[in-house]
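Visitor: I would like to go through this model one question at a time. Please give the reasoning before each answer.

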Amino acid sequence: MRMSRQRIRTEKNKVIENDSYYWVVNAYPKFEGHTLIVPKRHITKIGEETEKEILDREKLISYGVAVLRKAFPRSGVELFLQYGEGSQASIAHLHWHLVPASLDDPLRSFDKLGQFYTVESGKEKVILFPIQIKKSPAQLLVTLKKHVHTHMTLPRLKSIDRTHPVDNP
């Protein structure tokens, strides 16, 4: 599935994005409702985001959490980032996983991480403990579209106040 087809949209077909990030479904979901927050700019290292990109990311994550909670009632949401060689990240491009979490999930929280392995460099990672995915990425796009409303706006976040540094005890 091409990235342009993975983008989550409103019922009026407007892509859910901001200046810095897209919200997409994972083309190879490891968990039910598996979505990603992906930077538009190629970013490979923690600390490479601009201040604006950090705020844009947080806004889109907050928005995605609200939509996932509507689309998957009685679920929480787990957010994680796999970074660096030891993390088993699938690509060398920062992206944040935004995944609904229900009480009956077979893998919970950090148990979800590290449940994959690669037998050959460049090959898709294989799940050691298969989890049945009920909705295909295309079905998930349809489900999320029903819960994204044009009147929902990205949350406003306070600007970072650099005039009052954090005290280190």
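Guide: Two strands count as paired if DSSP finds at least two bridges between them. The model is a predicted one.

Visitor: Over how many bridges do strand 3 and strand 4 pair?

Guide: Pairing asks for at least two bridges. Strand 3 and strand 4 run in the antiparallel sense, and the number of bridges between them is six.

Visitor: In what order do the elements of the protein chain follow one another?

Guide: The protein chain has three helices and six strands. Read from the N terminus, the order is α-β-β-α-β-β-β-β-α.

Visitor: In what order do the four strands of the open sheet lie?

Guide: Strand 1 pairs with strand 2 over five bridges. Strand 2 pairs with strand 4 over three bridges, and strand 3 pairs with strand 4 over six. Four strands thus form an open sheet with antiparallel pairing, in the order 1-2-4-3.

Visitor: Which are the edge strands?

Guide: An edge strand here pairs on one side only. That applies to strand 1 and strand 3 (76–81).

Visitor: Which residue of strand 4 is the bridge partner of Ile37?

Guide: Strand 2 and strand 4 pair in the antiparallel sense. The residue in question also has Leu81 standing opposite. In strand 4, the bridge partner of Ile37 is Trp96.

Visitor: How many residues of strand 4 are buried?

Guide: In a regular strand, side chains alternate between the two faces of the sheet. On one side of strand 4, Trp96, Leu98 and Pro100 are buried, and on the other His97, Val99 and Ala101 are buried too. Both faces are therefore covered, and the count of buried residues in strand 4 is six of six.

Visitor: What angle does the direction of helix 2 make with that of strand 1?

Guide: Helix 2 packs on the sheet and touches strand 1, strand 2, strand 3 and strand 4. Its direction and that of strand 1 make an angle of about 30 degrees.

Visitor: Which strands does helix 3 touch as it packs on the sheet?

Guide: The direction of helix 3 makes about 120 degrees with that of strand 1. The strands that helix 3 touches are strand 1 and strand 2.

Visitor: Are helix 2 and helix 3 roughly parallel or roughly perpendicular to each other?

Guide: Helix 2 and helix 3 pack at an angle of about 105 degrees, with their axes 9 Å apart. The contact involves Val67, Leu68, Lys70 and Ala71 of helix 2, and Thr143, Leu144 and His147 of helix 3. Angles of 65 to 115 degrees count as roughly perpendicular, so helix 2 and helix 3 are roughly perpendicular.

Visitor: How wide is the arc that the buried residues of helix 3 cover around the axis?

Guide: The buried residues of helix 3 (residues 137–147) are Pro137, Leu140, Leu141, Thr143 and Leu144. They are on the same side of helix 3, because their arc around the axis is only 165 degrees.

Visitor: Is Leu141 buried or exposed?

Guide: Leu141 lies in helix 3 and touches residues including Arg5, Gln6 and Val25. Leu141 and Gln6 are 135 residues apart in sequence, with 7.6 Å between their C-alpha atoms. Buried means under 20% relative accessible area; at 14%, Leu141 is therefore buried.

Conventions
Residues are numbered from 1 along each chain as its sequence is written. This is a predicted model: local features need pLDDT of at least 70, side-chain atom pairs count only at pLDDT 80 or more; totals for chains, interfaces and linings use all residues. Side-chain values use heavy atoms; hydrogens and water are left out. Helices (H or I, at least four residues) and strands (E, at least two) are DSSP runs, numbered from the N terminus. Buried means under 20% relative accessible area, exposed over 50%, partly exposed in between (1.4 Å probe, protein chains only). The arc is that of the directions from the helix axis to the C-beta atoms. Contact means heavy atoms within 4.5 Å. Axes are lines fitted to C-alpha atoms, for helices over the stretch in contact, and angles run from 0 to 180 degrees between N-to-C directions. Angles under 35 degrees count as roughly parallel, over 145 as roughly antiparallel, 65 to 115 as roughly perpendicular and the rest as oblique. Lists of a residue's contacts leave out its neighbours within four places in sequence.
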